[in-house]
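Q: I would like a close look at one part of this protein, namely its interior packing, and then at the elements that can be described around it. Please take me through it step by step.

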Amino acid sequence: MLLTLTTTHRPATDLGHLLVKHPDRVQSFDLPTGAAHVFYPEADEAQCTAALLVEVDPLRLGGGRGRRQATGPESFTLGQYVNDRPYAASSLLSSALAKVFRSALRGESRDRPELAAAAIPLTVRVPVLRCRGGADLAVRVFAPLGWSVTATPIPLDEAYPEWGDSRYVDLTLAGSLRLADALNHLYVLLPVLDDAKHYWVAPDEVDKLLRAGSGWLAGHPERGLIIRRYLAHRRALAGVALARLTELRLADEPPADDSVDPETPSETPHASLAVRRREAVLAALRDSGASRVLDLGCGGGALLTALVADRRFTEVVGVDVADRSLAMAARRLRLDRLPERQRDRIHLRQSALTYRDDRLRGYDAAVLMEVVEHLDPPRLPALQDAVFGHARPGTVVVTTPNVEYNVRYEGLGPGRFRHADHRFEWTRAEFAAWVERVAAAHGYTATITGVGDADAEVGTPTQLAVFTRDDRTEETNR
């Protein structure tokens, strides 16, 4: 079975650095079921193609004392010897990808770390792929990920077209993606389309699926089918995977928007309020000139991801009281796959925001995005002291819901908050009074704006304050 990967990024031979496979050599790797070979049919400045050829030994595929046979099309008596496994792409090719291109799958490149983090033009071809569901299914699973998909059915016999098409397709994918993303798409979706794994599916396959599907599987329109097929239709494992994926997806957005429609009520389509809020916070941080930033109450890491993507922020620290939230943030950031240079910019710390923590001192800016409303009001003075009094970043950006706007959300009646965990939600006047008190007490000046479409009667759905430390007051205190 064969897979080719082509780029026209210049110099195209950088593909060898990303794959950690030299274009001038043929490299071979032993597999439990045969051997894999990597070679380059073409390699010059304009275009470079890497080929992965997997040779399957039917005796090794079916043999081995104690080997548990997977169920599927080859489950009949001689199926382990008489099958299409040596010729058609399947989970065998996926396993070879994982072994041969391990560092590339993780997005690591010692020689080209910036290129590993960038989208480059890629063309992938799998000449023979068993596709249970036909060419249309190949389009349905790859197209939402940014690929231009050409899936050509292969006839049973070209000499007898009336016999119709076989179960195989000739698959070509073209797009501009990170190499790591492209390889992870293939790692998950090749066995999904084949729908007949060659090995017993154990519970650790859930972790492999969520790791490879990080950043794309949760929002995929065919995620249910992908999960079921990848896990060989094992209902218990599929249920676990779906539950964990839902948990991760909810962690991607600030909790204030989980209970109500995150779109402001308008007939004109636009970015969700959560996205616009993140953009507003990022704009405030950029305007402040900050380079070392704290995300206080970071949750599942939605803002952290945006901060890390902007290289002007040289150090990004996510802080949360919950271990579970920090674990979600680590998965969302793909910390285990990032190049070392990028990973060194990110730190995750467990800390309660109502207690002084010396580790949080000395930063240029801090963000409290949809955080303060989750505290009981009597605990707010402790947070103010810990953040504004002790940590004392140069800039503090705070966002919180505008309770007056809740009447514009369908189904959110009087006295109800946007999230079950909110302890309060402020009116515009209440927020302004709090901002004024905190700024005066701790030597900051502050400005207040809104995020989202403004309503003439009730204002914007989100309130945003930017606190700037008064350096004259700071000098006096010293």
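A: In this predicted model, a useful place to begin is leucine 19, which, once its neighbours within four places in sequence are set aside, is in contact with Leu5, Tyr40, Ala50, Phe101, Ala104, Leu179 and Leu183. Leu19 is also one of the residues with the most contacts inside the largest nonpolar core, a set of 73 residues, and it is listed there together with Leu52, Phe142, Trp147, Val188 and Leu231. The largest share of this core is supplied by helix α7, residues 179-194, which contributes ten residues. Apart from that core lies another one, made up of 31 residues, including Val281, Ile346, Ala365 and Val397.

The loop between α7 and α8 (204-212) is where tryptophan 200 is placed. With a relative accessibility of 37%, tryptophan 200 counts as partly exposed, because buried is reserved for values under 20% and exposed for those over 50%. Its C-alpha atom is separated by 8.7 Å from that of alanine 232, although the two residues are 32 residues apart along the chain.

Turning to helix α13, which covers residues 323-333, the buried residues are Ser325, Leu326, Met328, Ala329 and Leu333. When the helix is viewed down its axis, these buried residues of α13 fall within an arc of 155°, and they therefore line one face of the helix. The face of α13 that is turned away from this buried side carries Asp323 and Arg324, both of them exposed. Following α13 comes arginine 334, which has a positive phi, near 55°.

The strands remain to be described, and here β14, residues 462-469, is a convenient centre for the description. Strand β14 is mostly covered, with six of its eight residues buried. Strand β12, residues 395-401, pairs with β14 in the antiparallel sense over seven bridges, and within this pairing valine 396 stands opposite phenylalanine 467 of β14. Strand β13, residues 444-451, also runs antiparallel to β14, to which it is joined by eight bridges. On that side, alanine 446 has phenylalanine 467 in β14 as its bridge partner. Phenylalanine 467 thus appears in both descriptions, standing opposite valine 396 and serving as the bridge partner of alanine 446.

Definitions and conventions
Residues numbered from 1 in each chain as written. Predicted model: local features only at pLDDT ≥ 70, side-chain atom pairs only at ≥ 80, totals over all residues. Heavy atoms only, no water. Core = buried A, V, L, I, M, F, W, Y, C linked by side-chain atoms within 4.5 Å. Buried < 20%, exposed > 50% of the residue type's maximum accessible area, 1.4 Å probe, protein only. Helix = DSSP H or I, 4+ residues; strand = E, 2+ residues; numbered from the N terminus. Contact = heavy atoms within 4.5 Å. Arc of directions from axis to C-beta. Pairing = 2+ DSSP bridges.
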